[in-house]
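This report covers the surroundings of a ligand and the strand arrangement of one chain. The structure is shown first.

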Amino acid sequence: MMPALTLRNVVVALLLLMLFLVPVYAAVIGNNFVLSLFTRIVILAMAATSLNLIMGYGGMVSFGHAAYLGIGGYVVGILAYEGILSGFLQWPLALLVSALIAFVIGLLSLRTRGVYFIMITLAFAQMIYYVGVSLNRYGADDGLTIYRRSQFGDLINLSNKTVFYYLCLVLLLASIYLVWRLVNSRFGMAIQGARSNDRRMHAIGFPTFRYRLTCFVIAGTICGLAGVLLANHTDFISPAVMHWTRSGDLIVMVVLGGMGSLFGPLIGTVAFLALEEWLSGITEYWQIIFGPLLLAIVLFARGGIDGLLAGIRRD
Amino acid sequence: MTDALLRVDGLTKRFGGVIASEGVALEVANGELHAIIGPNGAGKTTLIGQLTGEIAPDSGRVHFAGQDITTLPTYRRSAIGMARSFQITSLFLDMTVLDNVALAVQAHSGHSFRFWTPARSETRLREPARAALARVGLGDRENVVVRDMSHGEHRQIEIAMALATRPRLLLLDEPMAGMGPEESARLVNLLRELKKEYTILLIEHDMEAVFALADRISVLVYGRVIATGAPATIRVNPEVIQAYLGEQQVAGHG
Ligand SMILES: Nc1ncnc2c1ncn2[C@@H]1O[C@H](COP(=O)(O)OP(=O)(O)OP(=O)(O)O)[C@@H](O)[C@H]1O
Ligand SMILES: [Mg+2]
């Protein structure tokens with residue numbers, strides 16, 4: 001089926017085209033900063049995409065999602081520090097640890113709803129943050145430099161910035177595709193039903209907890225992968241990536257782009273980081289403009305930027 | 001009684017000082033349409049809540065199809081054939097009608113740890129959902145988002161969703177609430193059809209409908225069943241007339 005030629009689809013297509021061409025552009029103008037900025041955008045878009053799965057589709061507003069960025073990053077950083085450089089070990093282990101921690105957090109927090117859920121996920125993320133701060137062997141709150149990126153033998157060289165960028169981009173698109181399959185599957189219908197009306201779900205025969213928990217774990221795992229990429233990108237990991245304001249940023253990216261929209265988190269992340277970059281170049285007090293601007297978009301375009309593009313009202 | 005599909009014994013539920021159910025005993029025989037009537041606040045909805053497991057009784061037992069289900073979770077009760085409609089419409093407002101009903105089908109078509117195949121292209125889910133919608137007269141509305149529909153249509157979806165779970169017992173909590181006379185009449189016809197296939201526990205304030213449809217009626221007042229019997233005996237029961245039907249007639253004429 002051909003996607004329809006709507007404004008929103010055109011914008012998404014142009015955005016994707018632009019993302020594919022970023023390394024070319026960077027090479028032409030000989031500026032590595034652009035490539036680095038967009039690597040960061042792509043990685044955070046992946047984290048936002050995973051948050052959108054639970055928040056947008058599942059109605060689970062986690063205020064601790066950045067914790068998985070840190071968990072994925074720390075697994076890579078700690079293993080590298082201990083001399084285990086193989087990505088074949090680092091990456092699966094990072095995903096496994098992210099999944100396990102998401103499982104435990106989900107198990108303990110998904111019985112609650114609304115503000116309580118937000119506060120409990122925040123509390124867990126803060127705990128993990130302080131675990132990071134207390135890791136004296138691994139730099140405590142100064143963080144840990146990662147001297148060598150994950151090694152994949154001859155398969156792929158992550159130290160090549162262009163290669164690494166395309167890897168991140170492919171993984172981002174893979175996560176968006178995964179989310180697309182998930183939300184349209186039986187599993188996704190169950191998740192969205194539980195968001196829409198959990199009481200009715202039980203009445204028609206769904207034990208929703210297990211589906212919501214599974215969804216929470218999948219999202220944590222995808223975000224853990226984003227953390228693995230982020231650590232490799234910055235060659236550094238510190239508790240700062242897990243700070244609660246980072247979790248807040250992820251929520252803003254999702255809401256800004258459009259909750260429960262497939263490409264919304266990507267659009268939101270690009271807009272968020274581009275605005276941040278642009279405004280901070282204009283004035284030192286950029287946050288005074290940034291804050292109200294975000295607020296305005298979120299308040300006046302309830303479906304975020306994607307909602308504006310699609311010209312539909314979401315509430 | 002051996003052919004009772006549902007049997008309730010000594011069901012008691014208090015909310016603080018309010019006694020919503022007090023030693024409620026009730027039997028619904030296989031194939032019967034059993035109506036529950038009673039004034040506002042009598043505890044009818046609370047009783048349904050205890051039957052479906054949303055509300056835990058303080059004491060008493062609930063047996064369904066020969067099984068003690070008093071502590072069974074709500075979703076398991078649905079799995080063994082109990083379905084309810086809500087007095088206050090409770091649907092998936094942001095989804096289409098067909099998605100709403102297809103979810104009810106999906107709940108009874110194995111587990112939902114299926115992550116890859118698009119659920120909306122599964123005929124196994126869509127066709128039974130369409131059949132349930134056709135049954136309640138919404139066959140031509142399947143792609144409308146529920147939020148954009150009328151109250152009467154919402155009431156119809158309530159029933160379609162219950163039917164889509166292929167229940168043995170339908171618990172209908174005031175299905176006609178807020179409906180116009182024409183819509184009500186159509187619903188009475190539908191219930192008359194459904195009565196042939198399902199065992200039904202019907203809560204309804206519309207006495208004309210109740211007396212037209214019910215095989216037996218139980219009258220609930222202040223959480224207690226004050227009478228159970230055939231419509232003809234309930235209609236002339238002095239206690240019932242005093243506690244409820246009298247007031248109903250006054251209300252009806254006023
Ligand atoms: N969750 C609750 N907490 C406290 N009190 C409750 C609760 N649910 C019901 N009640 C009280 O229990 C009593 C029975 O309520 P219920 O809704 O079961 O009555 P009903 O017979 O369904 O009334 P109606 O005809 O108005 O629907 C009422 O006094 C009500 O206020
Ligand atoms: Mg009621």
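In this predicted model, helix H1 (44–52) of chain B gives the most to the shell around ligand 1, with three residues. Helices (H or I, at least four residues) and strands (E, at least two) are DSSP runs numbered from the N terminus. Residues are numbered from 1 along each chain as its sequence is written, chains are lettered from A and ligands numbered from 1 in the order in which they are written, and side-chain values use heavy atoms, with hydrogens and water left out. Local features need pLDDT of at least 70, side-chain atom pairs count only at pLDDT 80 or more, and totals for chains, interfaces and linings use all residues.

## Ligand 1 and helix H1

There are 14 residues around ligand 1, of which Gly41(B), Lys44(B), Thr45(B), Thr46(B) and Gln87(B) come nearest; a residue is near a molecule or strand if one of its heavy atoms lies within 4 Å of it. The shell divides into five nonpolar, seven polar and two charged residues. In this division Ala, Val, Leu, Ile, Met, Phe, Trp, Tyr, Cys and Pro count as nonpolar, Asp, Glu, Lys and Arg as charged, and the others, Gly among them, as polar.

The table lists polar contacts of ligand 1, a polar contact being a pair of N or O atoms within 3.5 Å; within protein, one must be able to donate a hydrogen and the other to accept it, and residues adjacent in sequence count only if both atoms are side-chain atoms.

| Residue | Protein atom | Distance to an oxygen atom of ligand 1 |
|---|---|---|
| Asn40(B) | polar side-chain atom | 2.9 Å |
| Gly41(B) | backbone N or O atom | 2.8 Å |
| Glu174(B) | side-chain N or O atom | 3.4 Å |

Taken alone, ligand 1 exposes 640 Å², and the protein buries 61% of that. Accessible areas come from the Shrake-Rupley method with a 1.4 Å probe; for residues, only the protein chains shown count as cover. The elements giving two or more residues to the shell are strand E2 (18–29) and helix H1 of chain B.

Eight of the nine residues of H1(B) are buried, meaning under 20% relative accessible area, with exposed over 50% and partly exposed in between (1.4 Å probe, protein chains only). Among the buried residues are Lys44(B) and Thr46(B). Just after H1(B), Gly53(B) takes a positive phi of about 90 degrees.

## The six-stranded sheet

In chain B, six strands form an open sheet of mixed pairing, in the order E6-E7-E8-E3-E9-E10. Two strands pair if DSSP finds at least two bridges between them. Strands E6 (82–85) and E10 (224–229) of chain B each have a single partner strand, so one side of each is left without a neighbour in the sheet.

E6(B) pairs with strand E7 (residues 169–173) of chain B in the parallel sense over four bridges. Ala83(B) has Leu170(B) as its bridge partner, and Arg84(B) has Leu171(B). E7(B) also pairs in the parallel sense with strand E8 (residues 199–203) of chain B, over five bridges; there, Leu172(B) is partnered by Leu202(B).

Five of the five residues of E7(B) are buried, so this strand is largely enclosed by the rest of the structure. Leu169(B), Leu171(B) and Asp173(B) point one way, and Leu170(B) and Leu172(B) the other way.

## The four-stranded sheet

An open sheet with antiparallel pairing has the order E2-E1-E4-E5 in chain B. Its edges are E2 and strand E5 (67–68) of chain B. Strand E4 (residues 59–64) of chain B is joined to E5(B) by two bridges, and His63(B) has Asp68(B) as its bridge partner.
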